[in-house]
Amino acid sequence: MKAQLIIKKIFDIISSALGIVILSPLFLIVSILIKLDSPGKVLFIQDRLGKDGKVFKIYKFRTMCDNAINIGNGLFTDEADSRITKIGSFLRKTSIDELPQLFNILKGDMSLVGPRPPVPNFPYKYDEYSEVQKIRFEMLPGITGWAQVVGRNSIDWDERITLDIDYVKNYSFLWDIKIIILTLAKVVKREDIYK
């Protein structure tokens with residue numbers, strides 16, 4: 001297990017660094033399109049719960065109007081949400097909005113694969129998770145994960161947590177590779193983007 005986690009860490013650093021370099025032209029184009037499409041910042045930065053319940057700042061391309069968290073349904077969105085910008089709709093459907101998290105990986109806050117990091121107060125505050133549920137926080141959160149490829153946003157949080165626990169308890173690097181392949185297939189098919 002320890003050896004596999006070392007391989008995972010090396011893979012994270014190399015893949016995120018390469019990804020940032022290769023995708024830098026795309027980052028520039030997306031940034032320009034976001035600024036042209038609506039007023040506000042290019043990046044959406046939000047507190048999330050990471051490994052061992054530590055709070056960190058997650059980076060995403062902004063896909064909604066500025067200050068969207070305080071408008072309408074707050075954290076909850078659907079495909080017809082009027083707060084989603086024109087370019088934001090495309091970024092969400094293609095999952096391009098998640099790419100700035102490659103910088104989170106380089107910072108050591110995240111991994112390419114792992115349980116998705118929830119916001120600090122939803123679905124629960126860290127202290128409200130049971131000891132079993134806290135197992136999901138024993139590994140770095142990921143840009144994608146087992147729960148993401150099984151159901152993404154189409155399954156409820158308790159089911160996601162159960163899938164995350166299974167991933168952490170039975171971790172293998174080969175499972176990560178399988179999740180990455182399944183994630184790419186999900187992105188191409190644009191499945192389970194909204195609940």
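Partly exposed means a relative accessible area between the 20% that bounds buried and the 50% that bounds exposed. Keep that in mind as you walk through this predicted model.

**Stop 1: the hairpin.** Select D52. With a relative accessible area of 49%, D52 is partly exposed. This residue lies in the loop between β1 and β2, and its phi is positive, about 60 degrees, although D52 is not a glycine. Most residues other than glycine have a negative phi.

Now widen the selection to the two strands on either side. β1 covers residues 43-49 and pairs with β2 in the antiparallel sense, over seven bridges. Together they form a hairpin with five residues between them. For a cross-strand landmark, pick D47, which stands opposite K57 in β2. Strand β2 itself, residues 55-61, is mostly covered, as five of its seven residues are buried.

**Stop 2: another positive phi.** Jump to S95, in the loop between α2 (86-94) and α3 (101-107). Phi of S95 is near 65 degrees, again in a residue other than glycine. Is S95 buried or exposed? S95 is buried, at a relative accessible area of 12%.

**Stop 3: a cis peptide bond.** Select F122 and P123. A cis peptide bond joins them, with omega at about 5 degrees. P123 sits in the loop between β3 (111-113) and β4 (142-144). As a reminder, most peptide bonds are trans.

**Stop 4: aromatic pairs.** Show the aromatic side chains next; the whole structure holds nine aromatic pairs. Begin with F11 and F173, an edge-to-face pair at 5.4 Å centre to centre, with 80 degrees between the planes. F11 belongs to helix α1 (residues 2-37) and F173 to helix α6 (residues 173-189), so this pair ties together parts that are 162 residues apart in sequence. F11 is partly exposed at 30% relative accessibility, while F173 is buried at 17%.

Then move to Y126 and F137, also edge-to-face, at 5.3 Å centre to centre and 75 degrees between the planes. Both rings lie in the loop between β3 and β4, so the pair ties together parts eleven residues apart in sequence. Y126 counts as partly exposed, at 22% relative accessibility, and F137 as buried, at 2%. Add Y124 and Y129 to your selection: with Y126 and F137 they form one aromatic cluster.

**Stop 5: charges over rings.** Stay with F137 and bring up R136, which lies over the face of F137 at 5.0 Å from the ring centre. For a final view, select R160 and W157: the charged end of R160 sits over the W157 ring, 4.6 Å from its centre.

Conventions:
Residues are numbered from 1 along each chain as its sequence is written. This is a predicted model: local features need pLDDT of at least 70, side-chain atom pairs count only at pLDDT 80 or more; totals for chains, interfaces and linings use all residues. Side-chain values use heavy atoms; hydrogens and water are left out. Buried means under 20% relative accessible area, exposed over 50%, partly exposed in between (1.4 Å probe, protein chains only). Helices (H or I, at least four residues) and strands (E, at least two) are DSSP runs, numbered from the N terminus. Two strands pair if DSSP finds at least two bridges between them. Rings of Phe, Tyr and Trp (its six-membered ring) pair if their centres lie within 6.5 Å; planes under 30 degrees apart count as stacked, over 60 as edge-to-face and the rest as tilted. A charge sits over a ring if NZ of Lys or CZ of Arg is within 6 Å of the ring centre and within 35 degrees of the ring normal.
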